[in-house]
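Hello,

Here is the structure I said I would send over. Please open it alongside this note, and my findings follow below.

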Amino acid sequence: MLLMKDIIREGHPTLRRIAKEVPLPPDPADIETLKSMKEFLINSQDPVISEKYGIRGGVGLAAPQINVSKRMFVMRLNDEKGEEHDYSFINPKIVSHSVEKSYLTSGEGCLSVDRSIPGYVQRHARITVKGYNEKGEEIKLRLRGLPAIVFQHELDHLNGVMFYDHIDEKNPFQLKEGAIPIEN
Ligand code: 4LI
Ligand code: NI
């Protein structure tokens, strides 16, 4: 079972590396890694289990955050319509995106960052993504709202990018014209 001690924190060099493509079909060890990452998110969202093991809540987790430098992540959340976005991604990519941006009005947090960093992280409002699931099947999805934000946050981890890299130090709350707020 993955715990907070297994999550590497900012300053660890793996978080700044470009993660490696995963050969397909995924080997059993990679499938197991994704399964444990998904289990971690489930536990992190369970009030009893998260309290018992001291796990912070999360909706996304990328393999580099457990010091596995491979292009894989999991996300697990419900959108504003109550629809489930429960995905494991291998070799994910954005194939197209809107010009319009959106951002979380409360800012972003990250399980690898133990401080709160004020500022808006403006990301593509809508994205079309491709990748493979844990069975090695191709997935193509259109995402908007919070799921689109989470996907881009996790994809950044595979490229050594942290959410605060997107925050303008001088003007952390400066918005692009027409940026769509996502309230929480
Ligand atoms: C407990 C149980 C307020 C502050 C609101 C917590 C179950 C922040 C938001 C959760 C904020 C769950 C989240 C992310 C933010 C803030 C992630 C709580 C887990 C809200 C998810 C990856 C950014 C994703 C909306 C500094 C660990 N998640 N909140 N950002 N939740 N959660 N991110 N922002 N301000 N991070 O953190 O999983 S994309 Cl579900
Ligand atoms: Ni993160």
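How do the residues of the lining of the largest pocket divide into nonpolar, polar and charged? The split is 7 nonpolar, 10 polar and 3 charged. Keep in mind throughout that this is a predicted model.

**The pocket**

The largest pocket has a volume of about 400 Å³. It is lined by 20 residues. Closest to its centre are Val59, Leu104, Glu108, Gly109 and Cys110. Helix α3 gives the most to the lining, with 6 residues.

**The nickel site**

Cys110 turns up again here. The nickel ion (ligand 2) has three protein donors: Cys110 through SG, His153 through NE2 and His157 through NE2. They lie 2.1 to 2.3 Å from the ion. Along the chain, the donors follow the spacing C-x42-H-x3-H. Cys110 and His153 link distant parts of the chain, 43 residues apart. Cys110 sits in the loop between β4 (101–104) and β5 (123–124). His153 belongs to helix α3 (residues 145–158). Both Cys110 and His153 are buried.

**The nonpolar cores**

Now the packing. In soluble globular proteins, nonpolar side chains tend to be buried together. The largest nonpolar core in this model has 21 residues. The members that touch the most others are Phe73, Met75, Phe89, Val129, Leu141, Leu143 and Phe151. At least two residues each come from β2 (72–78), β3 (84–97), β6 (126–132), β7 (138–144) and α3. Helix α3 gives the most to this core, with 7 residues.

Take a look at Phe89. Leaving aside neighbours within four places in sequence, Phe89 is in contact with a list of residues that includes Phe73, Met75, Val129, Leu141 and Phe151. Leu34, Arg71, Met72, Gly131, Tyr132 and Ile139 are also among its contacts.

Apart from the largest core lies another, of 16 residues. Its members include Ile7, Val22, Leu34 and Phe40.

**Thr33**

One more residue to check. Thr33 is in helix α1 (residues 28–44). Is Thr33 buried or exposed? Thr33 has a relative accessible area of 16%, so it counts as buried, the cut-off being under 20%. Beyond its neighbours within four places in sequence, Thr33 is in contact with Ile66 and Met72. Met72 is also one of the contacts of Phe89.

**Where to start**

I would begin at Cys110. It is a donor of the nickel ion, and it is among the residues closest to the centre of the largest pocket. Then move to α3, which holds His153 and gives the most to the largest core.

Best wishes

Key
Residues numbered from 1 in each chain as written. Chains lettered and ligands numbered in written order. Predicted model: local features only at pLDDT ≥ 70, side-chain atom pairs only at ≥ 80, totals over all residues. Heavy atoms only, no water. Donors = N, O, S within 2.8 Å, 3.2 Å for Na, K, Ca; no water. Helix = DSSP H or I, 4+ residues; strand = E, 2+ residues; numbered from the N terminus. Buried < 20%, exposed > 50% of the residue type's maximum accessible area, 1.4 Å probe, protein only. 1 Å grid on protein atoms, 1.4 Å probe; cavity = no way out; pocket = protein on both sides within 12 Å on 5 of 7 lines; lining within 4 Å. Points joined across faces, edges and corners; volume = space filled by probe spheres on them. Nonpolar A, V, L, I, M, F, W, Y, C, P; charged D, E, K, R; others polar. Contact = heavy atoms within 4.5 Å. Core = buried A, V, L, I, M, F, W, Y, C linked by side-chain atoms within 4.5 Å.
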